[in-house]
Amino acid sequence: MSEDTGHRADHHGFPPYEVAPGEAYMNANQETHFRELLDVWRTELMEEVDRTVDHMKVDTVHCADPNDRATQESDMGMELRTRDRERKLLTKIEKTLKKLDEHEYGYCESCGVEIGIRRLEARPTADLCIDCKTREEELERVRG
Ligand SMILES: [Zn+2]
């Protein structure tokens, strides 16, 4: 699965960063912006994970009726997949925050170019520039 499928941060109501003319890429202000954005996102995800766990506990208690069991199990499977996805994303966010601390955030891991504020705004956990990302996806398609 590709690194950032289906996850966008721009629906969290976080205002996009306004880049001033001549502003240096990944200066302290920009780093702070993305750190805050990722923090908010991480907190939301952790709350989401807690809710999913609670929900699953409730389901198990009400699992007495055998006729409901099939539905229940497929629900459970979906919950588990959601949790798995959330956990992977959390790991990714942690990794990204660490890169911010080390001032390595915002640069392509493959070719080293600036990923760009606008792309990071849409995909705060992106670690490849759009060219490398496109190439990677093409390779994945070829490999099947
Ligand atoms: Zn690149």
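**Entry 1: terms and model**

I count as helices the DSSP runs of H or I with at least four residues, numbered from the N terminus. I note at the start that this is a predicted model. I looked up the confidence next. The pLDDT averages 85 over the chain. A score of at least 70 is reached by 83% of the residues. I marked residues 1-11, where the pLDDT is below 50. Beyond near neighbours in sequence, that stretch still has 14 contacts in the model.

**Entry 2: overall layout**

I listed the elements of the chain. I found four helices and zero strands. Read from the N terminus, the order is α-α-α-α. The chain has 144 residues, and 13% of them count as buried. I then took the contacts with a separation of 6 or more. Pairs 24 or more positions apart make up 63% of those.

**Entry 3: the end of the chain**

I went to α4, which covers residues 130-143. From first C-alpha to last, its 14 residues reach 20 Å. That is close to the 20 Å expected at 1.5 Å a residue. Is α4 largely in the open or largely buried? One of its 14 residues is buried, so α4 lies largely in the open. Glycine 144 follows α4, and its phi is positive, near 85°.

**Entry 4: helix α2**

I moved back to α2, residues 69-101. It has 33 residues and spans 47 Å between its first and last C-alpha. The expected value at 1.5 Å a residue is 48 Å, so I write the two down as close. I checked burial along α2 and found Leu89, Ile93 and Thr96 buried.

**Entry 5: the nonpolar core**

Which residues form the largest nonpolar core? I count 12 residues in this core. They are Phe34, Leu37, Leu38, Trp41, Leu89, Ile93, Tyr105, Ile115, Leu120, Ala126, Leu128 and Cys129. Both α1 (28-61) and α2 supply at least two residues each. α1 gives the most, with four residues. I also checked the domains. Domain 1 (24-105) and domain 2 (106-144) each contribute at least three residues to this core. I add a general remark: nonpolar side chains tend to be buried together in soluble globular proteins.

**Entry 6: tryptophan 41**

I picked one core residue to follow. Tryptophan 41 sits in helix α1. Why does tryptophan 41 count as buried? It has 20 C-beta neighbours inside 10 Å, and the cut-off for buried is 20 or more. I then looked across to isoleucine 93, 52 residues apart from tryptophan 41 along the chain. Their C-alpha atoms are separated by 8.3 Å.

**Entry 7: glutamate 31**

I stayed in α1 and turned to glutamate 31, which is also placed in that helix. Glutamate 31 is partly exposed, with 15 other C-beta atoms within 10 Å. I left aside its neighbours within four places in sequence. Glutamate 31 is then in contact with Met26, Leu100 and Tyr105. I also paired glutamate 31 with glycine 106, 75 residues apart along the chain. The C-alpha atoms of these two are separated by 9.0 Å.

**Entry 8: two positive phi values**

Met26 had turned up as a contact of glutamate 31, and I looked it up next. Methionine 26 lies in the segment before α1. Its phi is near 55°, positive in a residue other than glycine. Is methionine 26 partly exposed or buried? It is partly exposed, with 19 other C-beta atoms within 10 Å. Buried begins at 20.

I then went to histidine 103, found in the loop between α2 and α3 (117-122). Its phi is also near 55°, again a positive value in a residue other than glycine. Is histidine 103 exposed or buried? Histidine 103 is exposed, with 11 other C-beta atoms within 10 Å. The limit for exposed is 12 or fewer.

Key:
Residues numbered from 1 in each chain as written. Predicted model: local features only at pLDDT ≥ 70, side-chain atom pairs only at ≥ 80, totals over all residues. Contact = placed C-beta atoms within 7 Å. Core = buried A, V, L, I, M, F, W, Y, C linked by C-beta atoms within 7 Å. Domains from an automatic or database assignment. pLDDT = per-residue confidence, 0-100.
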